[in-house]
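I opened the model to look up its fold, its core and a few single residues. The entries are in the order in which I worked.

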Amino acid sequence: MMLSNPFLMYCPFCGGETIDILYGREAVTSEVYLPKERGSVRCRRCGMGSRMHPMVEQAVKKWNRRV
């Protein structure tokens with residue numbers, strides 16, 4: 001079963017709308033969403049992003065949280 005990438009909110013730092021999910025230490029992208037893999041989230045426009053998380057789904061939840 002192929003999972004599509006989740007919704008990612010705009011960048012809270014620069015307002016950029018092109019956000020990447022990066023997997024593993026190599027920070028590679030994938031066409032397939034791998035929620036249980038180690039990874040992070042990063043804005044292409046300004047480079048700001050989340051820290052590395054044990055599961056990408058955690059990084060996505062934290063990226064989308066606005067306080």
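The notes below go from the whole chain to the core and then to single residues.

**Entry 1: the whole chain**

I noted before anything else that this is a predicted model. How many helices and strands does the protein chain have? I found one helix and two strands. Reading along the sequence, I wrote the pattern down as β-β-α. The radius of gyration came out at 11 Å, close to the 11 Å that the globule rule gives for 67 residues, so I entered the chain as being as compact as a globular protein of that length. For the C-alpha trace I took down spans of about 35 × 20 × 20 Å along the principal axes.

I then looked at surface and contacts. Of the 67 residues, 31% count as buried. The accessible surface of the chain is about 4,800 Å², and carbon and sulfur atoms hold 52% of that surface. I also looked at contacts between residues at least 6 apart in sequence, and 40% of these join residues at least 24 apart. For the charges, I have 11 positive and 6 negative, with mean positions 9 Å apart.

**Entry 2: the nonpolar core**

Which residues form the largest nonpolar core? I listed 12: Leu8, Cys11, Ile19, Ile21, Tyr23, Tyr33, Val41, Cys43, Val56, Ala59, Val60 and Trp63. Strand β1 (19–23), strand β2 and helix α1 (56–64) each supply at least two of these residues. Helix α1 gives the most, with four residues. I added one general remark: nonpolar side chains tend to be buried together in soluble globular proteins.

I followed one core member, Ile19, through its contacts. Leaving aside neighbours within four places in sequence, isoleucine 19 is in contact with Leu8, Met9, Cys11, Val41, Arg42, Cys43 and Trp63.

**Entry 3: tyrosine 23**

I placed tyrosine 23 in strand β1. Is tyrosine 23 buried or exposed? I entered tyrosine 23 as buried, because its relative accessibility is 7% and the cut-off for buried is under 20%. Not counting residues up to four places away, tyrosine 23 touches Asn5, Val28, Thr29, Ser30, Val32, Tyr33, Leu34, Glu37, Arg38, Gly39 and Val56. With one of these, arginine 38, I checked the spacing: the two C-alpha atoms are 5.9 Å apart, across 15 residues of chain.

**Entry 4: serine 40**

Serine 40 lies in strand β2, residues 39–43. I have serine 40 down as buried, at a relative accessible area of 9%. What does serine 40 touch, not counting residues up to four places away in sequence? I listed Asp20, Ile21, Leu22, Ser50, Arg51, Met52 and Ala59. Isoleucine 21 is 19 residues from serine 40 along the chain, and their C-alpha atoms are separated by 5.9 Å.

**Entry 5: asparagine 5**

Where does asparagine 5 sit? I found asparagine 5 in the segment before β1. Asparagine 5 is partly exposed, with a relative accessible area of 42%. Beyond four places in sequence, its contacts are Ile21, Tyr23, Ser30, Glu31, Val32 and Tyr33. I noted the C-alpha distance to serine 30 as 9.1 Å, at 25 residues apart in sequence.

**Entry 6: alanine 27**

I looked last at alanine 27, in the loop between β1 and β2. I wrote down a positive phi of about 55° for alanine 27, although this residue is not a glycine. Its relative accessibility is 34%, so I marked alanine 27 as partly exposed. The C-alpha atoms of alanine 27 and methionine 52 are 9.5 Å apart, and the two residues are 25 apart along the chain.

Key
Residues are numbered from 1 along each chain as its sequence is written. This is a predicted model: local features need pLDDT of at least 70, side-chain atom pairs count only at pLDDT 80 or more; totals for chains, interfaces and linings use all residues. Side-chain values use heavy atoms; hydrogens and water are left out. Buried means under 20% relative accessible area, exposed over 50%, partly exposed in between (1.4 Å probe, protein chains only). Contact means heavy atoms within 4.5 Å. A nonpolar core is a set of buried Ala, Val, Leu, Ile, Met, Phe, Trp, Tyr and Cys residues joined through side-chain atoms within 4.5 Å. The radius of gyration is taken over C-alpha atoms; the globule rule is 2.2 Å times the number of residues to the power 0.38. Accessible areas come from the Shrake-Rupley method with a 1.4 Å probe; for residues, only the protein chains shown count as cover. Lys and Arg count as positive and Asp and Glu as negative; His and the chain ends are not counted. The place of a charge is taken as NZ of Lys, CZ of Arg, CG of Asp or CD of Glu.
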